[in-house]
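Student: Hey, I've got a structure open and no clue where to begin. Can we walk through it together?

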Amino acid sequence: MENGSSFLTAINSTLFSAVPGGFGWVHNLSLALLAVFLLPWIYMLLILSSVPYLHVCNFLRCCFWKKKSDEEFWNGALRFMASIWNVHSRLFHGYEVTGLENLPENGPALIIYYHGALPIDMYYLTAETMLKRNRLIHTIGDRFLDRIPGWRLVSRVMNVTPGSVQSCVQTLRAGELLSIAPGGVYEAQFGDNTYEILWKKRTGFARVALEAQVPIVPMLTTNIRECFRTVAVGKSVFTRIYSTLKIPILPIYGGFPVKLRTVLGKPIPYDGSLTPEALQEKVVAAVAELVKQHQRVPGDILQAIGDRFDTKNFLKQEGKT
């Protein structure tokens with residue numbers, strides 16, 4: 001038995017010595033692949049951490065802060081959460097906002113934005129406006145969010161709703177900021193590093209803006225597609241599945257430490273002479289212009305990471321030399 005064991009050991013030693021490092025490269029590659037597919041879930045856990053945090057806050061409010069008004073209590077709770085998100089955005093992505101002055105300090109505006117694979121930029125911008133303007137951006141989210149246990153409280157406190165045209169109009173008429181990504185989950189799942197706008201013929205947001213008589217602020221976050229990406233293999237099959245289930249099923253990978261900068265364009269003022277279709281085309285053109293001016297196309301992950309360290313070239317890319 002000992003001779004047989006020694007013989008097998010010798011064979012294994014010979015086989016593995018024939019391949020440099022044995023199969024260590026497979027192990028290293030597996031770890032790298034595992035990391036890029038796990039990182040999005042770490043971001044998702046950070047987002048979902050809002051659920052237990054706000055439920056704990058609600059428990060404390062009911063037990064110890066009954067004398068405080070709901071508005072005062074939740075404003076403090078949200079500002080603390082915004083501070084955490086703000087630190088996260090700057091450490092992980094050197095996050096910045098350009099054009100914050102295009103959002104009104106008071107009064108309504110409709111923010112229309114390009115939807116990345118994960119809308120991490122919308123969380124970052126919401127944190128920025130909470131801390132710098134003390135304003136909460138109301139957000140339209142997909143209906144599948146309601147399936148997350150405990151999400152109803154998050155939706156109520158942070159004003160995240162599926163949003164009908166009438167409810168959106170009411171929000172804007174109340175003087176609030178409201179954000180909508182017309183491409184929604186479809187654009188998130190099937191967009192790529194060419195930053196093509198995938199809004200199809202959706203005009204709901206245009207009807208909202210016309211009925212509420214508010215300006216539209218176009219928005220793009222540079223390198224958002226280099227931060228997270230969706231798997232390109234089998235995309236046509238996943239498209240057919242999505243058209244049936246209406247839930248995100250295309251795998252997401254990434255979490256790369258790229259430079260993220262949200263650009264808020266010049267407001268498109270209310271014009272009652274426009275039809276919803278004409279206004280939709282106008283907004284598509286405005287967002288496409290932001291892509292043209294501020295985004296490297298096609299996007300490149302390594303260059304997007306390099307943007308964090310090459311300020312001069314990044315500013316040049318943004319047309320600010």
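Tutor: Sure! Keep in mind that this is a predicted model. Let's begin inside: the largest nonpolar core has 76 residues.

Student: Which residues have the most contacts inside that core?

Tutor: Those are Leu110, Ile216, Leu264 and Val283.

Student: And which helix gives the most to this core?

Tutor: Helix H4, residues 70-93, with seven residues.

Student: Back to leucine 110, what does it touch?

Tutor: Leaving out residues up to four places away in sequence, leucine 110 touches Leu172, Leu178, Ile180, Phe205, Val208, Ala209, Val214, Pro215, Ile216 and Val217. There's also a second, separate core of six residues, with Val185, Leu198, Tyr242 and Leu250 among them.

Student: OK, now the sheet. How many strands are in it, and in what order?

Tutor: Seven strands make an open sheet with mixed pairing, and the order is S1-S9-S6-S2-S5-S3-S4.

Student: Which strands stand at the edges?

Tutor: Strand S1 (96-98) and strand S4 (160-161). Each has a single partner strand, so one side of each has no neighbour in the sheet.

Student: What actually holds paired strands together?

Tutor: Strands of a sheet pair through backbone hydrogen bonds, either parallel or antiparallel.

Student: So do S3 and S5 run parallel or antiparallel?

Tutor: Parallel: strand S3 (residues 137-140) is joined to strand S5 (residues 177-180) by three bridges. In one of these strands, S5, you'll find leucine 177, the bridge partner of isoleucine 137.

Student: Which strands does helix H9 lie across?

Tutor: Helix H9 (residues 204-212) lies across strand S2 (109-113), S5 and strand S6 (216-222). Relative to S2, helix H9 runs at about 165°.

Student: New topic: backbone oddities. Where is the cis peptide bond?

Tutor: Between valine 297 and proline 298, with omega about -5°. Proline 298 sits in the loop between helix H12 (276-294) and helix H13 (301-306).

Student: Why would anyone point that out?

Tutor: Because most peptide bonds are trans, and most residues other than glycine have a negative phi.

Student: Then which residue has a positive phi of about 55°?

Tutor: Asparagine 134, which is not a glycine. You'll find asparagine 134 in the loop between helix H5 (120-133) and S3. Asparagine 223 also has a positive phi, near 70°, and is in the loop between S6 and helix H10 (224-227).

Student: Is asparagine 223 buried or exposed?

Tutor: Asparagine 223 counts as buried, because its relative accessibility is 2% and the cut-off for buried is under 20%. Asparagine 134, at 45%, counts as partly exposed.

Technical notes. Residues numbered from 1 in each chain as written. Predicted model: local features only at pLDDT ≥ 70, side-chain atom pairs only at ≥ 80, totals over all residues. Heavy atoms only, no water. Core = buried A, V, L, I, M, F, W, Y, C linked by side-chain atoms within 4.5 Å. Buried < 20%, exposed > 50% of the residue type's maximum accessible area, 1.4 Å probe, protein only. Helix = DSSP H or I, 4+ residues; strand = E, 2+ residues; numbered from the N terminus. Contact = heavy atoms within 4.5 Å. Pairing = 2+ DSSP bridges. Axes fitted to C-alpha atoms, helices over the stretch in contact; angles between N-to-C directions.
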